[in-house]
Amino acid sequence: MYKRIIVVVSCALFSLLALLAFIITDLYDRDFPQAIGVKNRITLDFSESNLPFTESLATLQKLDARWDMGLVKIAPDLTSDGDRQIFAALNDGDLTDQFTWFGSDDVGKIVGKERLETSYPDGFYLVTGDNTHSDAFKKELTHKGVKVGYEDASIFESLKFVLWERGFAAAVLSAFTLIITLALFWLSLKARDRALRVLGGVPTMRIQLQDFSGFLGLLFVSAGIITFIATGYVSVFHGSVYVGPYLKALITLQLFVIAVSIMTVLIMSTFSWPSATMLGTRQPAVKSLRSVSSVIQALTFLLVISAAGPAWSAYKHSSAMADEMAQWKQLADQVTIEFATDIGDMDIMEPWIAELVKGAEARDAASLSYTYIPEMANFREYAFVSFVNQRWLDLVTKNKNEPVVTPILKKDLPDDMTKMIQEEIEILSREERSEDLLEQLQFLRPVEGFWIPIAQGGGGERLHFSDNVLLVVVPTIYETYNDSALTSMNSSKNIIFTGVSSTQKLLEEHQLDVHSLRKQGIQGELNIVYIAEEGIMQAQFATYIVWLQFLALIALIVAFTVSTAIRALITARLQAKRDFPLRVAGRSWIRIIQSRVAKEILIGVILMGVVLLLVSSDFNIAVSVVAIYGLLAVPLSHLFATRWCFNGVSRRRI
C-alpha cells in the first residue's frame, strides 16, 4: 500500500516537471523553430561594414551556398496583413513552404530570396543546414567589417533561463519539498526494519544501499510512467521532431530532482540512524526521525503560507492578463517603422515622414499614444498622462459593448497639469496651430476596472496597462505635432500604422521605400515591424507563470499534509504507552492530544505572524486562509494518528 502512495505522489511530482518541460520546449522552439531544423541563430550588423548595400546580400548568398548553411532571414511579411513574420531563404533548398511552432497554431512561411531584394541585410538569420563552418563564416564577415553574433540552439539555455525566473523557480522548489517529504515517508516506513537489521549485524553500507535502491526504484518507475505518457502526447499532438528537445528538458529536470532526493535520503538517513541507546532501551524505531519530521513540517508550512500570496495575486490578475492578451491580439495587425539610418538622414526625411503620417491619417490608418510615466513628472491623482488620437481609442476599445472611457472637463483638471499640457503642446506643435490647439483637446479617463493599453513615451514598444490614466485626445496627429516631433515619435514607435502591405504602399507613395531612398542618396532604410508580437509572447509567458504558481502551491500543500501526517504518526507511536491507558480510562481524544497540538499550533501561529509582517498587506487574506488549513490539519492528523495507534495496540499489532 505504501509503495502505491509513493508512486502516486511521485507521479504528481513528475507531472509538474513534465508541464515545466513543456513550457521550456515552447520557449526554445520560438527562438529556434525545430520544424525547419534550426541549429543556430546569427545576428548581423552591417552598419560599420565596407560592403556596399547591393553587395551585402550577394556576399551572404555566396557564403551560404559555399558551406550549405541553409540560411533563412527573419523578416516581416509585406504581402499579407495577417501574418506577423516570414522566413526568407537565401538560396534554394529542401525547406517546406510552411511550418508550425510547438505551442502555437500560427503558420510560418518560407519564401524565396527575391523577398530580400529591397531589404537591408541587418537582422536575424537562422542556420537550418550545415553549421560546422560557423567560425569561417564569422571570420569572413568580420574581415569585411560586419558585426556577427552567434547563438547555438540549446534547450539547456532555455532551461537555465526558466529556472532563474521566480514563477518557474517556485515550481522547482515545490518539487524539491515534495521529494523531501516522500523521503521522510519512506524512512519512517523503513525505520523498524532498519533497526532490526542493525541488531542483526547487517553492514551499514548494505542497509543504506537497500534503502536507496528501494526508494529510487519507485521514483524511477514514476518518472518512467510520466515520461512515457508525456512523450507520447508530444509526439502525437505536436510532432516527433519535438520529442528530442522535450525529452532533454524533462529528463534533465527529473535527474536533477532525483539527485536531490539521493542527497536528501542520505542526509536524513544519517541523522536518523538507530542509536545503541535506542536499541538497548527498546524504544520505537521512528523516534530517530522525530526531530527531522518537526523541521520538515515547519519548513513546508512556512513555504505554503509564503507561496499563498503570489498565487492569490496571480489569480486576481489572471482576468487582467486575459484582457491584456486580448488587447495585444487586437493590435496584432498594427506595425511601426524602424529607422535603420543615421541622424543626418533622419533630418532630411523629416518632411517626408510628416507627409507619410498625414497620408496614413487620411486613410484612418495611423494611431498615436505618447505616455508620460510617473518617473517623468508628478501627475497628482493620475499614474500616467497619455496623448492619444481617436484612432488609438478605437483600436483598444473595440468589441466593448459599453463605454469604457469617461470625459473630464478641462476646468476640473489641476492648474499645474493644465500648464504642463500646454507647455508640451507649445514645444512640439506647429507654430501656426499652437495658440488654438489647447482648446481642441479632449480629456478622458478609463472607467474603473478597464485597463487601457498606452505606449510609453520615447519607447512605444513598451505598453502600460492602467485604469488610472489621463487621456489627452488630440484632433489630428499631423496638425498637432511638427515634422521633427513626428519623426521622433515614429522612431520611438509611438505612432503605429495598420497593416504591413498598406504601410509598405505608403512608404512607396512618399518615396520612403528602399529604391526611392537610394535614388536620393540615402543609404539607410525604413523597416516595418509588428508592435504586438513580443507583447503576446510576454502575456503568454505570464500565463505560464500563473499556472505554475498554482500547481506549485498545490504541491506544497500536499508536501505539508504528508509531513504533518508523518509527524503525527511518529508522535502517536512514541506516546502510545501513555495514550492507551488514558483512553481506556475514559479520557477524550481531544484531552489526550491537546498538549502536543497546542505546541505545533503555537509554532504555526508564530510563523504565520512572521510571514504576515514581511509580505504585502494585499496577501493577508490568502496567507490567512492557507494558514488556517495548516492549523486545522495539525489536530486532525494527530487525532487520526492517535486513534490508529490505539487500535493497533488493542489488536497487539503495535
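Let's start at Cys-645, which is buried, with a relative accessible area of 2%. Keep in mind as you look around that this is a predicted model. Another cysteine, Cys-11, also counts as buried, because its relative accessibility is 15% and the cut-off for buried is under 20%. If you go hunting for disulfides, the structure holds 0 of them.

Now for the nonpolar interior. The largest nonpolar core has 72 residues, and Ile-24 and Tyr-246 are the ones with the most contacts inside it. Which elements build it? Those giving two or more residues are H1, strand E3 (86-89), and the helices H4 (155-164), H5 (166-199), H6 (204-237), H7 (243-271), H9 (290-316) and H19 (533-574). H1 gives the most to this core, with 16 residues. To get a feel for the packing, click on Ile-24: setting aside residues up to four places away in sequence, Ile-24 touches Ile-155, Ser-158, Leu-159, Val-162, Ala-249 and Leu-253. There's also a second, separate core, this one of 48 residues, and among its members are Ile-408, Leu-413, Met-420 and Ile-495.

Stay with H1 for a moment, since charged side chains come up there too. Arg-30 forms a salt bridge with Asp-26, and the closest N and O atoms of the pair are 3.6 Å apart. How are these two residues placed along the helix? H1 covers residues 2-31, and because Arg-30 and Asp-26 are 4 residues apart in it, about one helical turn separates them. The surroundings of the two partners can be told apart by their accessibility: Arg-30 counts as partly exposed, at 23%, while Asp-26 counts as buried, at 1%.

Another salt bridge joins the side chains of Glu-151 and Arg-41, at 2.8 Å from N to O. This pair links distant parts of the chain: Glu-151 sits in strand E7 (residues 147-152) and Arg-41 in strand E1 (residues 40-45), 110 residues apart. Glu-151 counts as partly exposed, with 36% relative accessibility, and Arg-41 counts as buried, with 15%. Asp-31 comes into the picture as well, as salt bridges that share partners join Asp-31, Arg-41 and Glu-151 into one network.

Elsewhere, Asp-412 and Lys-411 meet through their side chains in a salt bridge of 3.5 Å, N to O. Is Lys-411 buried or exposed? At 67% relative accessibility, Lys-411 counts as exposed. The full tally for the model is 7 salt bridges.

Next, take a look at helix H11, made up of 20 residues (343-362). At 1.5 Å a residue, H11 should span 28 Å, and its end C-alpha atoms are indeed 28 Å apart, so the two values agree. H11 also has a bend of about 50° at Met-349, and a proline, Pro-351, follows within four residues. Several side chains of this helix are tucked away: the buried residues of H11 include Asp-345, Met-346, Met-349, Glu-350, Ile-353 and Leu-356. After the helix comes Asp-364, whose phi is positive, near 55°.

H11 turns up again when you move on to helix H17 (residues 500-509). In H17, the buried residues are Val-500, Ser-501, Thr-503, Gln-504, Leu-506 and Leu-507. What covers them? The cover includes H11 along with strands E8 (334-340), E16 (495-498) and E17 (525-530). Just past the end of H17, Gln-511 takes a positive phi of about 55°.

His-510 is worth a stop here, in the loop between H17 and helix H18 (514-519). Although it lies in a loop, His-510 counts as buried, at 17% relative accessibility. Which residues does His-510 contact, leaving aside neighbours within four places in sequence? They are Trp-352, Glu-355, Leu-356 and Gly-359. Two of these names, Leu-356 and Gly-359, also belong to the buried residues of H11.

One last stop is Gln-61, in helix H2 (residues 53-67). Gln-61 is buried, with a relative accessible area of 18%. Apart from neighbours within four places in sequence, Gln-61 is in contact with Leu-90, Asn-91 and Lys-113.

How values were computed:
Residues are numbered from 1 along each chain as its sequence is written. This is a predicted model: local features need pLDDT of at least 70, side-chain atom pairs count only at pLDDT 80 or more; totals for chains, interfaces and linings use all residues. Side-chain values use heavy atoms; hydrogens and water are left out. A salt bridge is a side-chain nitrogen of Lys or Arg within 4 Å of a carboxyl oxygen of Asp or Glu. Buried means under 20% relative accessible area, exposed over 50%, partly exposed in between (1.4 Å probe, protein chains only). The expected span of a helix is 1.5 Å times one less than its number of residues. The bend at a residue is the angle between axes fitted to the seven residues ending there and the seven starting there. A disulfide is a pair of cysteine sulfur atoms within 2.5 Å. A nonpolar core is a set of buried Ala, Val, Leu, Ile, Met, Phe, Trp, Tyr and Cys residues joined through side-chain atoms within 4.5 Å. Contact means heavy atoms within 4.5 Å.
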